[in-house]
Amino acid sequence: MDKFGKSQPVKRTEDQRFLTGKGQYIDDAVPGDALFAAFFRSQVAHGRITALDLDAAREANGVRLVMALDELTEAGIDTVLNAALVSNRDGSKAAAPDRHMLAKDRVRFVGEPVAVVIAETQVQARDAAELIWMETEDLPAKLDLEMGGEPLHIEAPDNRAFDWGMGDEAATEAAFQDAAHRVQLNVADNRVIVTSIEPRGCQAAWSDGRLHFAYSGQGVWAMRGQLAQKLKLEPEFIRVTTPDVGGGFGMKVMPYPEYFCVAVAAMKLGQPVHWMSDRSEAILSDHHGRDLTSLAELAFDEDHRITAYRVHSKVNLGAYNSHFGQAIQTNLFSKVLMGAYDVQTSYLRVEGFFTNTTQVDAYRGAGRPEAIYVLERAMDRAARELGVDPWELRRKNFIRPEAFPYKTTTGEVYDVGDFDMVLSRASEQTLGFAARKAVDAERGLIRGQGICYYIESILGDPSENAKIAFCEDGTVNLYVGTQSNGQGHETAYTQFLSDQIGVPLDQINVIQGDSDQLPAGGGTGGSRSVTVQNTATLATIDVMIAAFAPYLADKMGVEEADVNFDHETFRAPGSNLTPTLIEAAEMARADGRTDLLQHEARITLDARSYPNGAHVAEIVIDCFTGETWVDRYTVVDDFGNLINPMLAEGQVHGGVAQGIGQALSERVEHDAQGQLLTASLMDYALPRASEIPMIKFTSAPVPSTSNPMGMKGCGEAGTVGALAAVANAVQDALWEHGVRQADMPFTPLRVWELLTHGSVTAK
C-alpha cells in the first residue's frame with residue numbers, strides 16, 4: 001500500500017487474468033474423462049404426462065445413462081427440493097406442494113426438466129435427449145395473478161400459494177380514515193430474466209467414497225448441506241468448490257434440479273459428469289425476477305406529513321415454491337418497506353400465486369428494488385396530486401438525524417442516517433433542469449426528471465469465517481467464506497488485509513469457493529460480502545496478533561503486554577527488533593512453530609446496516625416516435641466507509657444499468673398457452689452500452705455503527721434506486737401531456753401509445 005495509502009481506488013487485481021483469457025470458469029476445467037449431461041425439458045406449460053419413452057435415448061450412440069424421476073427415486077435419494085414457506089395472515093400454513101428434481105406426473109412450465117441423458121460427448125447427450133418421447137394431456141395454462149383457473153397443485157386449489165401480512169391493519173385503517181389527504185397508485189413491476197454472462201453449470205465426480213461437486217454458484221457450504229441432505233451423505237464426504245463465476249445476481253444462490261441429477265449420475269457411473277446450459281436453456285430454466293403488482297396507499301396530515309402507508313402486493317411465484325421464493329417476497333420486501341420516511345403506522349399484505357411459468361425469486365436485487373419502487377412511485381404520485389415539490393415532500397418526511405437509532409413500524413432498527421444531507425448533495429448536482437427542458441421543447445422533445453430516495457437492508461447470514469495462512473514462499477493466503485461473482489472481492493479483500501497488516505498487495509492471495517478450506521461460510525448475497533467478510537478478517541487478525549505476541553516477546557526480551565503491532569511491524573519499548581508479520585512468520589517457521597503459521601476466526605454481527613442514497617434521472621422522449629432515453633443520471637450514496645471507492649462506483653454503475661434495462665426495455669412475455677416469447681436475446685431486450693449514460697457518482701458517508709469498519713454494503717444499491725428514478729422521470733415527462741399511469745418498460749411503442757391514446761393497448 002506504499003503507493004496509494006488506505007481506502008484508495010486501487011484497480012482490480014483479478015482483471016489481469018480475466019481480460020487475458022486466463023479466467024477459470026466451469027467450462028474451462030472439464031476433466032478429460034468426463035461424461036456430459038443434457039436435459040429433456042417440457043415443451044408445454046401445463047400437462048399431465050401420459051407417456052414417457054426413454055428407450056430410444058438409452059440405445060443412442062455414446063449414451064451411458066438416462067434417468068427420469070423413477071431412476072432418481074430408485075437411487076435412494078430425497079427427490080423433493082426444499083422450499084421456503086411463510087404463514088398466512090390467519091395463522092394457517094401456506095400451500096406447500098412438492099417439487100421433485102425431475103417432473104412427476106405433470107409438467108407445470110415450459111422448460112421443466114423431465115429426464116437427463118448422460119453420454120460420452122455433449123453432442124451425443126443432446127442428440128439422445130431429442131429422441132425422448134413424451135405424451136401429455138394438455139391442461140389450461142394459468143398466468144394471471146388472481147385466484148382461480150386450472151389448479152397447478154391440489155395443495156392450492158385456488159392457485160394462491162400464501163396470503164401474508166405484516167403491521168397493524170386496524171391502526172393503519174384508522175389513520176387513513178382520519179387523513180387529510182390520501183393517495184393511491186397501482187404499480188406494475190415487470191418480470192426480468194437475469195441473463196448472467198456465464199450460464200449455470202456444474203460438474204460432479206465420485207471417488208473413494210467422496211463426492212466432489214463444482215458449480216457456478218454463490219457459495220459452497222449451503223450447497224454442500226443440500227447435497228448431503230438430498231443424497232443422504234454425511235457432509236464430510238462431500239467437497240463443493242466454485243471456480244470463477246461470470247455473474248450471479250442472486251439467481252445462482254439456490255440449488256437447482258440439474259445439480260442433484262448430475263451428482264447422482266456421477267455416483268452411479270463412477271466417472272465425472274459435466275453439464276453446462278446454453279443461453280436458451282438458461283432463459284427457460286433460471287429463476288426469473290420481479291413480476292408483481294402492488295396497490296400502494298399513502299395517508300397524509302394537513303401539513304403533508306405521512307401518517308400511514310399500506311401496500312397490497314400480488315406476486316408471481318411461478319410453478320412452485322422455490323428455495324427462497326416466499327421468504328424473499330415477504331421478509332426482504334418488508335425490511336425496507338418504509339424507506340427513509342418517518343411513518344406512524346403501516347400494513348403490508350402480500351399474496352403469492354402459482355402460475356405456469358418459470359420460478360420467480362425476485363432476484364437482481366431480491367425484494368429491495370420492488371419495495372422501494374412501489375414506495376417511491378407512490379411518493380412521486382403524492383407530490384403531483386398534492387401539488388407539492390417532490391424534493392420537499394421527501395425532505396419533510398425524512399427520519400431526522402437526531403432520531404437514530406430509529407425503529408420502523410415493520411420492526412427494523414436503522415442505526416444511522418442523514419437523508420436530508422444526501423438529498424441536498426444530489427440537488428446541488430442536478431441544477432439547470434428547467435433550462436435543459438426548455439431547450440428540448442424547442443426541438444420537439446420532452447424532458448422529465450425523476451427522484452428516488454432508497455434505503456436497503458443488507459446482511460443475509462450475519463456470520464462468517466476467515467483464515468490467514470503464511471506460505472513458504474513469503475506470501476499470505478486469505479481464505480474467505482464468500483464467493484465473488486464479478487464484484488471484485490479479491491481486490492477488496494486484498495486491499496483491506498494489506499491495510500491492516502502491512503503486507504504488499506502482490507503478496508496476498510485470496511482463496512474462495514472450497515468447502516474443504518473453512519468449516520463454514522455464508523456465501524454471497526444481499527450485499528453482505530465485504531462487510532461481513534472483512535469483519536471476520538479483522539477478528540482473525542486479532543487472533544493472529546495475540547498468538548504472535550508471547551512468541552515475539554521472548555525474542556525481543558520484553559514482557560508480552562509490551563508487544564504492539566502498528567499495522568506494519570511489531571514493536572516494544574526497549575527492543576530494536578521490529579519484525580513485519582512476514583518476518584515473524586519466517587522466524588516461527590525456522591523455530592518449528594507451525595502453530596503460528598495459520599489462524600482463523602468466526603464472527604457474528606449483531607445488527608444490519610442500511611445503505612441509502614438519492615438517484616436522480618433525466619430522460620428525454622421523442623414525442624413523434626416514443627423513443628425514450630436516459631440523458632443524465634446522478635447518484636449520491638451513503639455506503640458508510642469505503643475500502644475502494646472505484647469498486648463501489650463500479651457496483652453502482654452496474655446496478656444502474658440493470659435498472660435502466662428493466663425500466664426501458666426488458667420484459668418477459670408469455671403467450672396464452674404459457675410459451676415464453678422472449679426466449680432468446682433476439683427477443684429479450686437487454687440494454688446496450690449506447691443506452692447507458694455517463695453516471696455521476698458521489699459518496700456521502702455516514703459510517704454505520706453495526707460493524708467495526710462503519711461499512712454499509714453497496715452491491716444492489718444501483719438497481720434499488722434506478723427503477724423508480726427512471727420511471728418517475730418518464731411519468732414527469734408524460735404528466736403534462738395528460739398521462740396519469742405509466743408502467744415499465746417504457747419501450748418506444750408503449751410511450752407512443754401513452755402519448756397518443758393515454759393508455760397502452762392490452763397485449
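At what angle do helix α10 and helix α18 pack, and how far apart are their axes? I would like to start there, and I should say at once that what we are looking at is a predicted model.

Helix α10 covers residues 368-386 and helix α18 covers residues 717-735, and the two pack at an angle of about 30 degrees, with their axes 8 Å apart. Angles under 35 degrees count as roughly parallel, and α10 and α18 are therefore roughly parallel to each other. Their crossing is right-handed.

Which residues meet in this contact? On the α10 side they are Arg368, Pro369, Ile372, Tyr373, Glu376, Arg377, Asp380, Arg381 and Arg384, and on the α18 side they are Thr719, Val720, Leu723, Ala724, Ala727, Asn728, Gln731, Asp732 and Trp735. Divided by character, the residues of this contact are eight nonpolar, three polar and seven charged.

Let me turn now to the sheets. As a reminder, strands of a sheet pair through backbone hydrogen bonds, either parallel or antiparallel.

One open sheet is formed by seven strands, and if you follow it across, the order is β3-β5-β1-β12-β9-β10-β11, with mixed pairing. Its edge strands, each of which pairs on one side only, are β3 (63-67) and β11 (238-241), and from one strand to the next the twist averages 20 degrees. Within this sheet, strand β1, residues 35-41, and strand β5, residues 113-119, pair in the antiparallel sense over six bridges; if you want a place to look, Ala37 stands opposite Ile118 in β5.

Which helices lie across these strands? One of them is helix α4, residues 122-129, which lies across β1, β3, β5 and β12 (273-276) and runs at about 25 degrees to β1. Another is helix α7, residues 257-269, which lies across β1, β3, β5, β9 (201-207), β10 (210-215) and β12, and which runs at about 25 degrees to β9.

There is also an open sheet of three strands, in the order β4-β2-β6, where the pairing is antiparallel. Here the edge strands are β4 (106-107) and β6 (133-138), each pairing on one side only. How many bridges join strand β2 to β4? Two bridges join β2, residues 47-53, to β4, and these strands run antiparallel, with Gly47 standing opposite Val107 in β4.

To return to the opening question, then, the helix pair to keep in mind is α10 and α18, packed at about 30 degrees with axes 8 Å apart.

Definitions and conventions:
Residues numbered from 1 in each chain as written. Predicted model: local features only at pLDDT ≥ 70, side-chain atom pairs only at ≥ 80, totals over all residues. Heavy atoms only, no water. Axes fitted to C-alpha atoms, helices over the stretch in contact; angles between N-to-C directions. Helix = DSSP H or I, 4+ residues; strand = E, 2+ residues; numbered from the N terminus. Parallel < 35°, antiparallel > 145°, perpendicular 65-115°, else oblique. Left-handed = near helix turned anticlockwise from the far one by under 90°. Contact = heavy atoms within 4.5 Å. Nonpolar A, V, L, I, M, F, W, Y, C, P; charged D, E, K, R; others polar. Pairing = 2+ DSSP bridges.
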